[in-house]
Amino acid sequence: MAFAFPVLFRSRAPALDAAISSDDGVAHAAPALPATWQCDLSDNSLQWSPGVFDLFGVKRGTRLDRREVARMYIDDSRALMERLRAAAIANRAAFTMEAQIRRADGALRWMRLSADVVCRGGRVTHLYGTKQDITAEWHIS
């Protein structure tokens, strides 16, 4: 089954806005705040803030292998992420997408992945950005 995933290309990262507005007078829980990540393209090594470890259900401080992490993405999400990643590197561009992952404990999660590039000498050397658990947003609709 194929899913349509919202994708947005942009030139800079979005501002974080944790405020929740509600017209129904009911208090709503704030969404999980984005957590940061970075990938060094020289060796594909990953650095994650604690929130990304939590999102993926991986013990904090675990040595990360990008290939193993990519396998945690559901097939359609992984294919889209890899295409957008390659395009971002080739075009020195940022992107945002929504992806479904299967955590280490087997639970399914939706996340918003935002990525941008670091260039040195006209060449992309790093990808970096945020990952945010948006599972609750998918359950509301």
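User: Before we get into details, in what order do the elements of the protein run from the N terminus on?

Analyst: They go β-β-β-α-α-α-β-β-β-α. That fits a count of four helices and six strands. Keep in mind that this is a predicted model.

User: How do you know which parts of the protein have the lowest and the highest confidence?

Analyst: Look at pLDDT, the predictor's confidence in each residue, which goes from 0 to 100. Strand S1 (residues 7-10) is lowest with a mean of 46, while H3 is highest at 98. For the protein the average is 83, and 76% of the residues score at least 70.

User: What makes residues 1-30 a stretch to handle with care?

Analyst: Their pLDDT stays under 50. Where pLDDT is low, the predicted coordinates shouldn't be read in detail. The model does have 35 contacts beyond four places in sequence for residues 1-30.

User: Why is threonine 125 called buried?

Analyst: The cut-off for buried is under 20% relative accessible area. Threonine 125 comes in at 11%, so it's buried. This residue sits in strand S6, and what it touches beyond four places in sequence is Cys39, Asp40, Leu41, Ser42, Val118, Cys119 and Arg120.

User: What makes the link between threonine 125 and histidine 126 a polar contact?

Analyst: The N or O atoms have to be within 3.5 Å, and for residues adjacent in sequence both must be side-chain atoms. Here the contact joins the two side chains at 2.9 Å, so it passes on both counts.

User: And why is glutamine 47 called exposed?

Analyst: Exposed means over 50%, and glutamine 47 has 52% relative accessibility, so exposed it is. Glutamine 47 lies in strand S3 (residues 45-48). Leaving out residues up to four places away in sequence, glutamine 47 touches Thr36, Trp37 and Gln38. Glutamine 47 and tyrosine 128 are 81 residues apart in sequence, yet their C-alpha atoms are 9.2 Å apart.

User: What about asparagine 44 and arginine 92: why do they count as partly exposed?

Analyst: Partly exposed is the range between the 20% and 50% cut-offs. Asparagine 44 has a relative accessible area of 32%, so it falls in that range, and arginine 92 does too, at 49%.

User: What makes the phi values of asparagine 44 and arginine 92 worth pointing out?

Analyst: Each is positive in a residue that isn't a glycine. For asparagine 44, in the loop between S2 and S3, phi is near 60 degrees. For arginine 92, in the loop between H3 and strand S4 (94-102), phi is about 50 degrees.

User: How many cavities of 30 Å³ or more does the structure hold, and why would one be called a cavity rather than a pocket?

Analyst: One, with a volume of about 180 Å³. The name means that a 1.4 Å probe fits there but cannot get out, whereas a pocket is open. Of the 15 lining residues, the closest to the centre are Trp37, Arg66, Tyr73, Met81 and Lys131. H2 gives the most to the lining, with three residues. Other elements giving two or more include S3, helix H3 (75-91) and strand S5 (108-120).

User: How do you know which kinds of residue make up that lining?

Analyst: Sort them by class: twelve are nonpolar, three charged and none polar. Trp and Met count as nonpolar, for instance, while Lys and Arg count as charged.

How values were computed:
Residues are numbered from 1 along each chain as its sequence is written. This is a predicted model: local features need pLDDT of at least 70, side-chain atom pairs count only at pLDDT 80 or more; totals for chains, interfaces and linings use all residues. Side-chain values use heavy atoms; hydrogens and water are left out. Buried means under 20% relative accessible area, exposed over 50%, partly exposed in between (1.4 Å probe, protein chains only). Contact means heavy atoms within 4.5 Å. On a 1 Å grid over the protein atoms alone, a cavity is a set of points where a 1.4 Å probe fits but cannot get out, and a pocket is an open set with protein on both sides within 12 Å along at least five of seven lines; lining residues have an atom within 4 Å of a point. Grid points are joined across faces, edges and corners, and a volume is the space filled by probe spheres set on the points. A polar contact is a pair of N or O atoms within 3.5 Å; within protein, one must be able to donate a hydrogen and the other to accept it, and residues adjacent in sequence count only if both atoms are side-chain atoms.
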